[in-house]
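Thanks for asking me to look this over. Here are my notes, with the sequence and structure placed first so you can follow along.

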Amino acid sequence: MNLRLLEKFIQQGRLTVIGHDGRERTFGEGEPTATWRLNGPSTFMRILRNPQLNLGETYMDGEWDVGEGTLHDLLTILRINLEPTVSGRSWLDPLRAVLRSWNGLAASRRNVSHHYDLDEPLFRACLDTDMHYSCAYFTDPQLSLEDAQAAKCRHIAAKLNLERGQKVLDIGSGWGSLAMHLAEHHGVTVTGLTLSAEQLRVAQETARQRGLAGRVEFRLEDYREHAGTYDRIVSVGMFEHVGKPRYPAFFNKVATSLATDGVALLHTIASKAPPEPINPWIRRHIFPGGYIPSLSDIAPFVERAGLTSADIEVLRVHYALTLKAWNERFQNHRQQFVETKGERFCRMWEFYLVICQTAFEIGDLVVAQWQMTKDNQAAPITRDYLYPSNRR
């Protein structure tokens, strides 16, 4: 077991490695602490051949486990100490990122189905009661997931500056949570677009149960094929699947669908570093065709579409808190999914949630909320309207 890389680079946190033969070595000091149990003679070398892909692959295959500490502790130590060593950006990375996110209509439907058509019980076990599958807004880190998701809805509604009777388009409406919140609390009508048949089914059923027929409508439709003019447009957690080659189509659709005095809001995962290809393990198992933009990626296409950037807010750490809550809820039901989906699936799912959590804690990921208008005076000229006393 060649552990010279760990000896050289593990400085923050204490990592104890136990080989398949029972031999034990400890690297680094301080917090967090974790024990990494390698179950095969070639596990470490397999990881080293392609760390960004094979760390997750070997975990799914049961080639390593966590002893002392948690999966989060272990991945935190590895990310803090080793990520700069193994990331290895090159001049080809932007080209690779574009080629891997070339999402035509058919590819977009396949990619969405790969992840979002996983059955409802899995998401129901992880998410809040209203099924928001996107970053919550923690006005206090101690908020419950339900309260933080409700706070996210209020924050988005405030940025949309809604008035009763307005028509709203929700691009990538997911399980319908935000659309139903806006219809119920703000007196607007909402059209939601999704490419997931499972999300469509659940959203339509929930809308009927909540008596929202006629106030929300959900369609299995790509945004590029949709026609209509709206007072407000919102897109939450969908832009990551658009792919950079499709940015002109996305923002042109927003511009042509938005009323002259309208307001649009884009809520997306973003990178605070220069763009690079999405992690290959995430691309293979979770989000095929995904692409995480930087703010500099987005700005040119907003401008070319003739839209004004009225407000840009960067939310830091909020998604880490969201993912932590999702994983805690998943762990409460893990044995149920071992029985129905198998141990390998459960390892994939928890690795996804935890590796993404660490990316928002100590990696390059944030969430950006980009408010856009056509008319420079369509939105209030200060942020005071976002924080009235009754929302504090």
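At what angle do helix α3 and helix α16 pack, and how far apart are their axes? Please keep in mind that this is a predicted model.

1. Helix α3 covers residues 51-60 and helix α16 covers residues 343-361; the two pack at an angle of about 140°, and their axes lie 8 Å apart.

2. On the α3 side of this contact you will find Leu-55, Gly-56, Glu-57, Tyr-59 and Met-60, which meet Arg-344, Arg-347, Met-348, Glu-350 and Phe-351 of α16. Sorted by class, the contact of α3 with α16 holds 5 nonpolar, 1 polar and 4 charged residues.

3. Now to the sheets. One open sheet has 4 strands with mixed pairing, in the order β2-β1-β3-β4. Its edge strands, each paired on one side only, are β2 (24-27) and β4 (64-66). Neighbouring strands in this sheet are turned by 25° against each other on average, direction ignored.

4. Within that sheet, strand β1 (residues 12-18) runs antiparallel to β2, and 4 bridges join them. If you want a spot to zoom in on, Thr-16 stands opposite Thr-26 in β2.

5. Another open sheet is built from 7 strands, again with mixed pairing, ordered β7-β6-β5-β8-β9-β11-β10. Here β7 (216-220) and β10 (308-315) are the edge strands, each pairing on one side only. From one strand to the next, the twist averages 15°.

6. Strand β5 (residues 167-171) pairs with strand β6 (residues 189-194) in the parallel sense, over 5 bridges. Ile-171 has Leu-193 in β6 as its bridge partner.

Technical notes: Residues are numbered from 1 along each chain as its sequence is written. This is a predicted model: local features need pLDDT of at least 70, side-chain atom pairs count only at pLDDT 80 or more; totals for chains, interfaces and linings use all residues. Side-chain values use heavy atoms; hydrogens and water are left out. Two strands pair if DSSP finds at least two bridges between them. Axes are lines fitted to C-alpha atoms, for helices over the stretch in contact, and angles run from 0 to 180 degrees between N-to-C directions. Contact means heavy atoms within 4.5 Å. Ala, Val, Leu, Ile, Met, Phe, Trp, Tyr, Cys and Pro count as nonpolar, Asp, Glu, Lys and Arg as charged, and the others, Gly among them, as polar.
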